[in-house]
Amino acid sequence: MWRVLIPFAVIALLSGAAIWLADHPGTVTVTWQGYEIRTSFVTGLFAVSIATIFGVLGYRLVATFMNSPAGFTSFLATRKRRKGYQALSKGMVAIAAGDTREADHYATEAHKLLDEPAMTLLLAAQAAQMKGDGPGATRFFEEMRGHSETEFLGLRGLYVQAERAGNKGAARTYAEKAFALRPHTGWAAEAAFTAQAAAEDYSSATQTLDKMLQVKLVTRDVARRRRAVLLTAQAMSLGDSLGDGDGGDEGAQTEAIRLANEAVELEPTFAPSVALTARLMAQAGQTRKAGRVIERAWATHPHPDLADVYLTLIDDEKPFDRLRRVKGLSARNPGAGESQMALARAALGARDFETARAALEPLLAGEPSQRVCEMMGALEGAEDHGPAARVWLARAIHAPADPCWVAEGYQSHTWVAVVPATGAFDALNWQTPVSRGGARAALVPPDVSSEPSSPTPQEDAPAEFVADADAETPGQGAGQGSGQVSGQGQAEDDKSLDERRARDTLPGRVVPGHVVVAPDDPGPVGSGFDDASSKEESTKW
């Protein structure tokens with residue numbers, strides 16, 4: 001309503017003013033240079049209005065003429081910028097759509113039209129990456145490093161290019177520079193830390209980890225875990241340089257023990273650091289301390305790596321002495337599967353078959369793992385139960401896999417700080433793999449002084465099932481061997497392929513080659529181990 005009333009009000013006011021001027025006419029007289037101009041007031045007002053209008057129009061015309069070059073230049077620049085942004089937008093759309101040709105075309109056009117390296121160089125680099133022009137993308141990223149506002153972005157691109165090319169040294173350099181430029185950026189910190197750890201530059205990795213903790217990129221728990229892993233890897237590297245510990249560098253050995261001990265203090269249940277500490281202490285002659293380190297960790301987190309070190313902790317140890325120690329270890333965590341397995345291994349090495357069978361019995365419930373099946377096969381073979389041993393070893397072929405260190409695209413029974421396949425740091429988890437990548441040795445490492453006399457097994461047999469056989473007596477081997485072969489030949493069609501392979505791998509009397517049998521403790525008479533070398537020695541049973 002107001003929009004209608006306002007025009008009428010204006011018209012009414014103008015009409016009233018015109019009527020008032022008509023009723024009150026006046027005279028306007030202008031005298032200039034002897035001339036006198038006399039007119040009415042209305043006419044004079046109209047003339048002044050016309051003159052004012054023409055004066056303003058003239059001023060505007062002169063001002064426009066004076067500013068026309070700058071205006072024209074600004075028009076051209078605005079038009080160029082608009083076309084540049086259009087090319088930039090189309091180039092981004094082409095990259096998102098995967099159109100390499102269009103992306104390269106619009107990247108070149110945007111680079112010519114726009115003076116904004118942060119956007120145009122990034123678009124050009126991405127277009128070069130999409131069409132596989134690695135050197136071209138590297139050139140654009142290097143050019144971005146020349147501008148302060150795009151230096152960090154250029155380092156990011158150069159790091160990605162170096163990673164794709166497999167140039168670990170260059171990737172580490174770019175990551176460290178990016179981290180120094182912006183310490184609060186997560187990817188730069190992680191990349192620099194991982195690259196330093198993979199290159200075994202543990203001091204630099206520790207400094208980077210301290211900075212990450214300082215800027216709160218990692219929590220204290222994560223930092224403690226990573227520091228323990230770094231210390232373990234560093235101690236492992238020093239330990240490997242010592243060889244077998246005979247005549248090695250005492251200073252390096254002491255430093256390795258110190259680093260491993262510090263790792264255990266940070267993560268008392270971390271099996272690799274505990275096992276490494278015990279092994280290094282044993283090499284240094286500190287067997288009691290080594291045993292206590294393993295026993296403390298075993299009480300809460302038993303692990304096969306700890307059992308491996310504990311079983312071989314003392315050189316030239318009698319099998320029954322080893323069994324006595326392992327019984328004490330398993331008592332710290334009774335009922336645990338690894339406690340039962342360690343006890344069975346030690347008992348089998350000491351030829352205490354009853355104890356070994358009792359230790360393995362709880363592990364046979366449900367689906368026993370491959371390692372358990374192999375242990376049962378070795379136990380049956382050591383007791384001269386050849387058919388039962390073959391059944392267990394055939395069953396081990398398809399038994400559920402045992403836990404191992406698993407990461408994406410990688411699995412192993414040996415722990416490493418950096419996964420070789422992916423370069424990830426501390427990415428290994430102790431778990432059951434989806435696919436079995438090889439069995440873990442189920443028994444104590446070999447310590448048999450006598451040479452085996454049986455021929456090598458068939459080539460298609462798994463390495464874990466290879467067992468050495470002693471020479472048969474003249475009156476026993478031939479008759480039993482021929483009878484067994486003929487009996488098996490009649491039932492060959494009824495046995496599966498796995499059973500045949502396991503059967504062919506074992507001789508008539510199975511002797512596990514990797515069971516510890518001390519040279520001065522050959523076992524009881526009539527146990528099946530009375531070969532030529534053992535007959536010459538005195539039995540201490």
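These legends walk through several close-up views of one predicted model.

**View 1. How confident the prediction is along the chain.**
Let us start with the confidence score, since this is a predicted model. The average pLDDT of the protein is 77, and 77% of the residues score at least 70. Residues 441-541 are a stretch to treat with care: pLDDT stays under 50 there. For this stretch the model has 141 contacts beyond four places in sequence. Where pLDDT is low, the predicted coordinates should not be read in detail.

**View 2. The hairpin of strands β1 and β2.**
Here we meet strand β1 (residues 27-32) and strand β2 (residues 35-40), which run antiparallel and are joined by six bridges. Together β1 and β2 form a hairpin, with two residues between them. Glutamine 33 sits in the turn and has a positive phi of about 60 degrees. To find your way across the hairpin, look for tryptophan 32, whose bridge partner in β2 is tyrosine 35. Another pair to look for is threonine 31, which stands opposite glutamate 36 in β2. Is this hairpin covered or in the open? Strand β1 is hardly covered, as the count of buried residues among its six residues is zero. For β2 the number buried is also zero of six residues, so this strand lies largely in the open.

**View 3. Glutamine 161 in helix α6.**
This close-up turns to helix α6 (residues 151-165), where glutamine 161 has its place. Is glutamine 161 buried or exposed? Its relative accessibility is 13%, and because the cut-off for buried is under 20%, glutamine 161 counts as buried. Leaving aside neighbours within four places in sequence, glutamine 161 is in contact with Gln129, Gly134, Ala137, Thr138 and Phe141.

**View 4. Aromatic rings linking helices α6 and α8.**
The count of aromatic pairs comes to five. One of them joins phenylalanine 152 and tryptophan 187: the ring centres are 5.7 Å apart and the planes are at 50 degrees, so the pair is tilted. This pair links distant parts of the chain, with phenylalanine 152 in helix α6 and tryptophan 187 in helix α8 (residues 186-198), 35 residues apart. Phenylalanine 152 counts as buried at 11% relative accessibility, whereas tryptophan 187 is partly exposed, with a relative accessible area of 22%. Ring pairs also bring in Tyr159, giving a cluster of Phe152, Tyr159 and Trp187. A charge joins the scene too: the charged end of arginine 156 sits over the ring of tryptophan 187, 4.6 Å from its centre.

**View 5. Arginine 225 over a ring.**
This view shows a charge and a ring elsewhere in the chain. Which ring does arginine 225 lie over? The ring belongs to phenylalanine 270, and arginine 225 lies over its face at 4.4 Å from the ring centre.

**View 6. The covered helix α14.**
Helix α14 (residues 304-311) is mostly covered, with seven of its eight residues buried. The buried residues are Pro304, Asp305, Leu306, Ala307, Val309, Tyr310 and Leu311.

**View 7. The sheet of β4, β3 and β5.**
In this view three strands form an open sheet with antiparallel pairing, in the order β4-β3-β5. The edge strands, β4 (410-412) and β5 (429-431), each pair on one side only. Neighbouring strands of the sheet are turned by 35 degrees against each other on average, direction ignored. Three bridges pair strand β3 (residues 404-407) with β4 in the antiparallel sense. A handy place to look is alanine 407, which stands opposite tyrosine 410 in β4.

**View 8. Two tryptophans, from strands β3 and β5.**
Back to aromatic rings, now in the sheet. How buried or exposed are its two tryptophans? Tryptophan 405 counts as buried at 6% relative accessibility, while tryptophan 430 counts as partly exposed at 28%. The rings of tryptophan 405 and tryptophan 430 form an edge-to-face aromatic pair, 5.2 Å centre to centre with 65 degrees between the planes. Tryptophan 405 lies in strand β3 and tryptophan 430 in strand β5, so the pair ties together parts that are 25 residues apart in sequence.

Terms used. Residues are numbered from 1 along each chain as its sequence is written. This is a predicted model: local features need pLDDT of at least 70, side-chain atom pairs count only at pLDDT 80 or more; totals for chains, interfaces and linings use all residues. Side-chain values use heavy atoms; hydrogens and water are left out. Two strands pair if DSSP finds at least two bridges between them. Helices (H or I, at least four residues) and strands (E, at least two) are DSSP runs, numbered from the N terminus. Axes are lines fitted to C-alpha atoms, for helices over the stretch in contact, and angles run from 0 to 180 degrees between N-to-C directions. Buried means under 20% relative accessible area, exposed over 50%, partly exposed in between (1.4 Å probe, protein chains only). Contact means heavy atoms within 4.5 Å. pLDDT is the predictor's confidence in each residue, from 0 to 100. Rings of Phe, Tyr and Trp (its six-membered ring) pair if their centres lie within 6.5 Å; planes under 30 degrees apart count as stacked, over 60 as edge-to-face and the rest as tilted. A charge sits over a ring if NZ of Lys or CZ of Arg is within 6 Å of the ring centre and within 35 degrees of the ring normal.
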